[in-house]
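User: I am new to this structure. Please take the salt bridges as the part to look at closely, and then add a word on what surrounds the ligand.

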Amino acid sequence: MYARSGLLSQRSCSSHGRECATPVLAAQRRNNSTATKIAVEFDQSTGVAVMRLQGPPVNSLSLDFLTELCINVEKLEMDKNCRGLILTSSQPKVFSAGLDIMEIYGKSPERCGEFWRAVQEMWLKLYGSSMVTIAAINGSSPAGGCLMSMTCDYRIMADNPRYSIGLNETQLGIVAPFW
Ligand SMILES: CCCCCC/C=C/CC(=O)SCCNC(=O)CCNC(=O)[C@H](O)C(C)(C)COP(=O)(O)OP(=O)(O)OC[C@H]1O[C@@H](n2cnc3c(N)ncnc32)[C@H](O)[C@@H]1OP(=O)(O)O
């Protein structure tokens, strides 16, 4: 087993019907953060990678967080040996608090647009992945956290009555946008 976070692979490959000839992707161009909010361990013997969300305190989905997540999914997608991805959290009690509220409060339309594109890129990457994807939901997962888990092929949630999941913005009358 080895840690992969931080590597930037730009090779071309073809496996499991995946063609990956595009090296510098949108998320990689956007990435200017040095902090590591995502840790990836890939087990060569099983072909399964575990991606741990480690953005304290609650894995809220900021632009940096989403960018790092997308880069890591891209890297695994390009690895012909990686067949499965388990997404889980390193934070206690929370899988993900959803979109980072501070990214959408008082920001310019341009910045909001950039942020919203990153949200879309995240779920498209996970939903469209050729890997078998599993969300191991080991804490609360409201709104965007719920969205992230819904884009995976399978979801397993820790059995704890304190953990909640769902599109809680509907309680405020906010409807998810059409994509
Ligand atoms: C086709 C489908 C489309 C779906 C579209 C999906 C749309 C999504 C919109 C969103 O995601 S908007 C975000 C909605 N998220 C929430 O409403 C979550 C709010 N947070 C919570 O419920 C709780 O914080 C928690 C996640 C259950 C964790 O509770 P806990 O008691 O453990 O921690 P707290 O003390 O509440 O929070 C700690 C710390 O974190 C800050 N924080 C929490 N959530 C967010 C967030 N979403 N963005 C930014 N910051 C967040 C909170 O303010 C605290 O900060 P402090 O500085 O320590 O006070």
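**Salt bridges, then the ligand**

Analyst: Glu 41 has a relative accessibility of 34%, so it counts as partly exposed. That value, like the others here, comes from a predicted model. The side chain of Glu 41 forms a salt bridge with that of Arg 52, with 3.7 Å from N to O. The pair falls inside the definition because a salt bridge needs such atoms within 4 Å. Glu 41 belongs to strand β4 (residues 38-43) and Arg 52 to strand β5 (residues 48-53), so the salt bridge links distant parts of the chain, 11 residues apart. Arg 52 is also partly exposed, at 31% relative accessibility.

In general, side chains of opposite charge can pair when their charged atoms come close. Across the whole structure, the search gives 3 salt bridges.

Another of them joins the side chains of Glu 74 and Lys 125, with an N to O distance of 3.2 Å. Glu 74 is part of helix α2 (residues 63-78) and Lys 125 is part of helix α3 (residues 109-127), so this pair ties together parts 51 residues apart in sequence. The two ends sit in different accessibility classes: Glu 74 is buried at 5%, while Lys 125 is partly exposed at 23%. The cut-off matters here, because buried means under 20% relative accessible area.

There is also a salt bridge between Arg 111 and Glu 103, whose closest N and O atoms are 2.7 Å apart. Here again the acid is buried, with Glu 103 at 8% relative accessibility. Arg 111 has a relative accessible area of 30% and is partly exposed.

The ligand has 18 residues around it, and those that come nearest are Ala 97, Leu 99, Ile 101, Ala 143 and Gly 144. The shell consists of 11 nonpolar, 5 polar and 2 charged residues. Two of the nearest residues also place polar backbone atoms by the ligand. A backbone N or O atom of Ile 101 is 3.0 Å from a ligand nitrogen atom, and a polar backbone atom of Gly 144 is 2.9 Å from a ligand oxygen atom. Asn 168 uses its side chain instead, with a polar atom 3.2 Å from an oxygen atom of the ligand. The ligand taken alone exposes 1,100 Å², of which the protein buries 55%.

Note on methods: Residues are numbered from 1 along each chain as its sequence is written. This is a predicted model: local features need pLDDT of at least 70, side-chain atom pairs count only at pLDDT 80 or more; totals for chains, interfaces and linings use all residues. Side-chain values use heavy atoms; hydrogens and water are left out. Helices (H or I, at least four residues) and strands (E, at least two) are DSSP runs, numbered from the N terminus. Buried means under 20% relative accessible area, exposed over 50%, partly exposed in between (1.4 Å probe, protein chains only). A residue is near a molecule or strand if one of its heavy atoms lies within 4 Å of it. A polar contact is a pair of N or O atoms within 3.5 Å; within protein, one must be able to donate a hydrogen and the other to accept it, and residues adjacent in sequence count only if both atoms are side-chain atoms. Accessible areas come from the Shrake-Rupley method with a 1.4 Å probe; for residues, only the protein chains shown count as cover. Ala, Val, Leu, Ile, Met, Phe, Trp, Tyr, Cys and Pro count as nonpolar, Asp, Glu, Lys and Arg as charged, and the others, Gly among them, as polar.
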